[in-house]
Amino acid sequence: MAGGRMSEVPAGSSSAKRWGFGIIGCGNIATTHARALAAIQNARLVAVADSVPERARGLAAELGVDAETPERLLERADVGVVSVCVPSGLHAEVAVAAARAGKHLVVEKPLETTLQAADAILEAVDNAGVRLTVISQHRFDPGVVELRRLVYEGALGRLVHGSAYCKWYRSDGYYQSGSWRGTRDLDGGALSNQGVHYLDLLLWFMGEVKAVSGVVRTALHKIEAEDVALAHLIFESGATGSVEATTCFFPGLPERLELVGEAGSAVIEAGQLVLVDLKAERDDVGDFGGRPRYRKVDAASEPAWAGHARQLADFIDCLDQGRSPLVGGEDGRRAVAVIDAVYRSAREQNWVKPS
């Protein structure tokens, strides 16, 4: 991850091939994918599809592309890549069909709501010989790119603890906007839907998880899934971790990743590296510690779809070069496995090992 390529909104790779994309699922996130694709020179959105024809026709008219049924979209020879933007619990149904049709896959987070369904996607992708990326656009945030470089270079030393926080707010109207929202099977709760963003970053930096202890609650919203989730993690390296996710925190706080190493600490907030405090760069702070050195961050304003554009550009580059994407299927499964372990731990009131 050295270098600054991924910290800029991409224009596309040098490939002469222009990849045709189709989007299945025409909800809010589909517009994000469409805008991201429009920023990539060697990508072209061909068609959109939805189980509700009127919804597909409306988005298609807005974007100036064709409206199809999901079945017809998968039959199109000019569609080489499918973005799966249906509710989370329907990802496997759409992704498996697309893989069997020979389409490469971009699947929105989380990969699925259950491990069984996530594994069905990975099996279909493997059997079809197509490639898969699972959306985790925050890996491409400028601050995360910079922190990854620092960790690779050993600036923080051996990592001993990491924390991920996603303390957002969702109104009752948000959950009432779709019958699937807030359900366990189709949507998932605060951890699976919202917290998965920074959970993925935590796992990316800290490695495999050995054991999980979790608590989930439905505190304020009238939904089936949780709106508060807490978890303690023990990593295979021996390091520890913690995760907090909620949709109850009015009006919502910036998401945050904290890493603690033998040689210093670092904090990501809303995609920006706001603190890097290294022992090698300052005087002894004494037996009782000192004030952390926060950085002055003048974050350049960028569109909400910029992270998606960087990830989609990386995926197109991987298709052109025959390499693995920065965020692959196993990365998506790893997050689902830890989330599943949190839920199992909460039910069993015990430490559990991710499957």
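This briefing covers a sheet, the helices on it and the enclosed cavities. The model is predicted: local features need pLDDT of at least 70, side-chain atom pairs count only at pLDDT 80 or more, and totals for chains, interfaces and linings use all residues. Residues are numbered from 1 along each chain as its sequence is written, and side-chain values use heavy atoms, without hydrogens and water.

**The sheet**
- Seven strands (DSSP E runs of at least two residues, numbered from the N terminus) form an open, mixed sheet in the order β8-β9-β10-β7-β11-β12-β13.
- β8 (209–217) and β13 (272–278) are the edges; each has a single partner strand, so one side of each lacks a neighbour in the sheet.
- Strands pair if DSSP finds at least two bridges between them.
- β7 (residues 159–167) and β10 (residues 240–246) run parallel, joined by seven bridges.
- C166 stands opposite A245 in β10.

**Helices on the sheet**
- Helices are DSSP H or I runs of at least four residues.
- Helix α10 (residues 329–348) packs on the sheet and touches β8 and β9 (228–235); contact means heavy atoms within 4.5 Å.

**The second largest cavity**
- A cavity is a set of points on a 1 Å grid, over the protein atoms alone, where a 1.4 Å probe fits but cannot get out; lining residues have an atom within 4 Å of a point.
- This cavity holds about 40 Å³ of space, a volume filled by probe spheres set on the points, which are joined across faces, edges and corners.
- β9 gives the largest share of its lining, four residues.
- α8, β9 and α10 each supply at least two lining residues.

Terms used: Axes fitted to C-alpha atoms, helices over the stretch in contact; angles between N-to-C directions. 1 Å grid on protein atoms, 1.4 Å probe; cavity = no way out; pocket = protein on both sides within 12 Å on 5 of 7 lines; lining within 4 Å.
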